[in-house]
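Me: Hi! I am new to this structure, and I would like to know how its labels are earned. Could you take me through a few of them?

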Amino acid sequence: MRITDAKVIVSCPGRNFVTLKITTEDGIYGLGDATVNGRELAVASYLSDHVAPLLVGRDARRIEDTWQYLYKGAYWRRGPITMAAIGAVDTALWDIKAKSLDAPLYQLLGGASRESVLVYGHASGNDVEDTVAAVADFAKRGYTAIRAQSAIPGIPSTYGVGRGKLYYEPAESGNPPENVWSSELYLNFVPRLFERLRKEFGSEVHLLHDVHHRLTPIEAGRLGRSLEPYHLFWLEDPTPAELQEGFRLIRQHTTTPIAVGEVFNTIFDCQLLIREQLIDYIRNAVVHSGGISHLLKIAHLAELYQVRTACHGATDLSPVCLAAALHFDLAVHNFGIQEYMHHSAETERVFKHGYTFSQGTMYPGDAPGLGVDIDEALAAQYPYQRACLPVNRKLDGTMHSW
Ligand code: KDG
Ligand code: MG
């Protein structure tokens, strides 16, 4: 089954997405998401200039060999752009293989390990009471796991306070907007938010929170400890994870479960975190971590150490990526939870999909392959629009992690 075409589709139906479409000689095609938020054109060029010419003529059934060919063959390993490009190829080839066998992808990954996939959504507000109302709204929609973020009094802009109610879009057109940050104000505020949320919603609902890489390890330890009475499902990205050893310090100080990994690209970014059981959830995305093939390796390593999976699923991960994640989630034994933020109406029109949401869970559907398609003619009506993620400065002007 030879590959005859590999086409890169860049479009902006509500936000920018990069989609790879691989077609074979017998007419079967597969899709892969290659979107890297704010750096879309870099992956598009990597794919069309450097990868697509290598794919034409290859056997589409040789998924692992193609993965290794692109990874080892580039010489320059890892990194978000390279791994998103490889991830798109890998996902498209899994889509093709599953379609050619007339089976939904999860059947090729070992079959369903559960009936459906637990998901969480983002509730956010401009103050504590606003956030309470947003959490109530998600609970009313059937969610049993809800991430809560609130604007911090005294800081004009805070990570995670969404512009839409159901979708989350931090990228803005033009050059990066500048946010302002104070770890001191944040550390004093967050425990008050969760005290209020537990008072309002009781102990049953799963509450999650994302620090978005902003604290030092010891500050994260303090936050985790102060949140223990409110038993979070997890505290996400408490500190930048380039320094995997930093998580040892957090573990010494708190039993609050820790989730990390949305910016990771390979197993090498998390192998120490997993082997030393410094985390509880590993959050690599299908798109940014080399696709289904590499994510399976991460999940299998994590399974040995009782670390569960929790794929990144913000709005900038396309419906193609979400579909791939849902098949993976349904199949792997050590699945924990899936992030799910809705896409805009334009995105939904361009990407037709079989996955469904019901009562706080999702199901990938039983159509052959990923169960997602792209309307190319419609996508062409939404040309790329330059947009960037924000940057972040402390109150005194020092650059900080966003
Ligand atoms: O593109 C960046 C977003 O996907 C990220 O900021 C969202 O942290 C995020 C999350 O947990 O969804
Ligand atoms: Mg996050």
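Reply: Happy to; what follows is a short talk about the ligand and the empty space in this predicted model.

Me: What makes the pair between ligand 1 and the side chain of Tyr159 a polar contact?

Reply: An oxygen atom of ligand 1 is 2.8 Å from an N or O atom in that side chain. The cut-off is 3.5 Å, so the pair counts as a polar contact. Glu236 also has a side-chain N or O atom 2.8 Å from an oxygen atom of ligand 1. For the side chain of Arg147 the value is 3.2 Å, which is within 3.5 Å and therefore counts too.

Me: How much of ligand 1 does the protein cover?

Reply: On its own, ligand 1 has 330 Å² of accessible area, and the protein covers 95% of that. Ligand 1 sits in the largest pocket.

Me: Which residues come nearest to ligand 1, and of what classes is its shell made?

Reply: Asn37, Tyr159, Glu262, Asp316 and Glu339 come nearest, out of 15 residues around ligand 1. The shell has seven charged, four polar and four nonpolar residues.

Me: Why is the space of about 80 Å³ called a cavity?

Reply: It is called a cavity because a 1.4 Å probe fits there but cannot get out. Among the 14 residues lining this largest cavity, Gln149, Ser150, Thr158, Tyr186 and His209 are the closest to its centre.

Me: Which element gives the most to that lining?

Reply: H6 does, giving four residues to the lining of the largest cavity. By class, the lining has eight nonpolar, four polar and two charged residues.

Notes. Residues numbered from 1 in each chain as written. Chains lettered and ligands numbered in written order. Predicted model: local features only at pLDDT ≥ 70, side-chain atom pairs only at ≥ 80, totals over all residues. Heavy atoms only, no water. Near = heavy atom within 4 Å. Polar contact = N/O pair within 3.5 Å; in protein donor to acceptor, adjacent residues only side chain to side chain. Areas by Shrake-Rupley, 256 points an atom, 1.4 Å probe, with all protein chains shown as cover. 1 Å grid on protein atoms, 1.4 Å probe; cavity = no way out; pocket = protein on both sides within 12 Å on 5 of 7 lines; lining within 4 Å. Sits in = over half its atoms within 2 Å of the grid points. Nonpolar A, V, L, I, M, F, W, Y, C, P; charged D, E, K, R; others polar. Points joined across faces, edges and corners; volume = space filled by probe spheres on them. Helix = DSSP H or I, 4+ residues; strand = E, 2+ residues; numbered from the N terminus.
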